[in-house]
Amino acid sequence: MYAGALGDNAVERYAMFLTSLELSADITERRLALTRAKEHGLNMERVAIATAERTIEKAFSVSLGCCIN
């Protein structure tokens, strides 16, 4: 409900929440979290795209971080 009340930042904030679940979280739990975005008035497709983008950015920052040392 909180994310739905955030206005313009709602999609990005919810995407960050979903990204924080990590891939180790149960797929059912992750799917439920994504569908809850729609239940609270967020555009589920935009949330999914933003989550994918944040996940890719996170993966690149981790992989680049290990190679810089």
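## Fold at a glance

Helices (H or I, at least four residues) and strands (E, at least two) are taken here as DSSP runs, numbered from the N terminus. On that basis the protein has three helices and zero strands, and its elements run α-α-α from the N terminus on. Keep in mind that this is a predicted model, where local features need pLDDT of at least 70, side-chain atom pairs count only at pLDDT 80 or more, and totals for chains, interfaces and linings use all residues. Residues are numbered from 1 along each chain as its sequence is written, and side-chain values use heavy atoms, with hydrogens and water left out.

Two overall figures set the scene. Of the 69 residues of the protein, 23% count as buried; buried means under 20% relative accessible area, exposed means over 50%, and partly exposed is in between (1.4 Å probe, protein chains only). As for contacts, meaning heavy atoms within 4.5 Å, residues 24 or more positions apart account for 56% of those with a separation of 6 or more.

## How α1 meets α2

Helix α1 covers residues 10-20 and helix α2 covers residues 27-39; their axes come within 10 Å and cross at roughly 165°. Axes are lines fitted to C-alpha atoms, for helices over the stretch in contact, and angles run from 0 to 180 degrees between N-to-C directions. The crossing makes α1 roughly antiparallel to α2, a label used for angles over 145 degrees (under 35 is roughly parallel, 65 to 115 roughly perpendicular, the rest oblique).

The crossing of α1 past α2 is right-handed, so the near helix is turned clockwise from the far one by less than a right angle (anticlockwise would be left-handed). On the α1 side the contact uses Y14, F17 and L18, while α2 brings A33, L34, R36 and A37. Sorted by type, the residues of this contact come out as six nonpolar, no polar and one charged. For that split, Ala, Val, Leu, Ile, Met, Phe, Trp, Tyr, Cys and Pro are nonpolar, Asp, Glu, Lys and Arg are charged, and the others, Gly among them, are polar.

## The nonpolar core

A nonpolar core is a set of buried Ala, Val, Leu, Ile, Met, Phe, Trp, Tyr and Cys residues joined through side-chain atoms within 4.5 Å. The largest one here has twelve residues, namely A10, V11, Y14, A15, L18, L21, A25, A33, A37, L42, V47 and A50. Each of α1, α2 and α3 (44-68) chips in at least two residues, and α1 gives the largest share, five residues.

One core member, L42, sits in the loop between α2 and α3. L42 counts as buried because its relative accessibility is 10%. Its C-alpha is 9.4 Å from that of G7, with the two positions 35 residues apart in sequence terms.

## A few residues to click on

L21 touches E29, R30 and A33, leaving aside residues up to four places away in sequence. R30 belongs to helix α2 and is partly exposed at 26% relative accessibility. The C-alpha atoms of R30 and T19 are separated by 9.6 Å, the two being eleven residues apart along the chain.

Over in helix α1 you'll find M16, which is partly exposed with a relative accessible area of 43%. M16 and T55 are 39 residues apart in sequence, and their C-alpha atoms are 8.8 Å apart in space.
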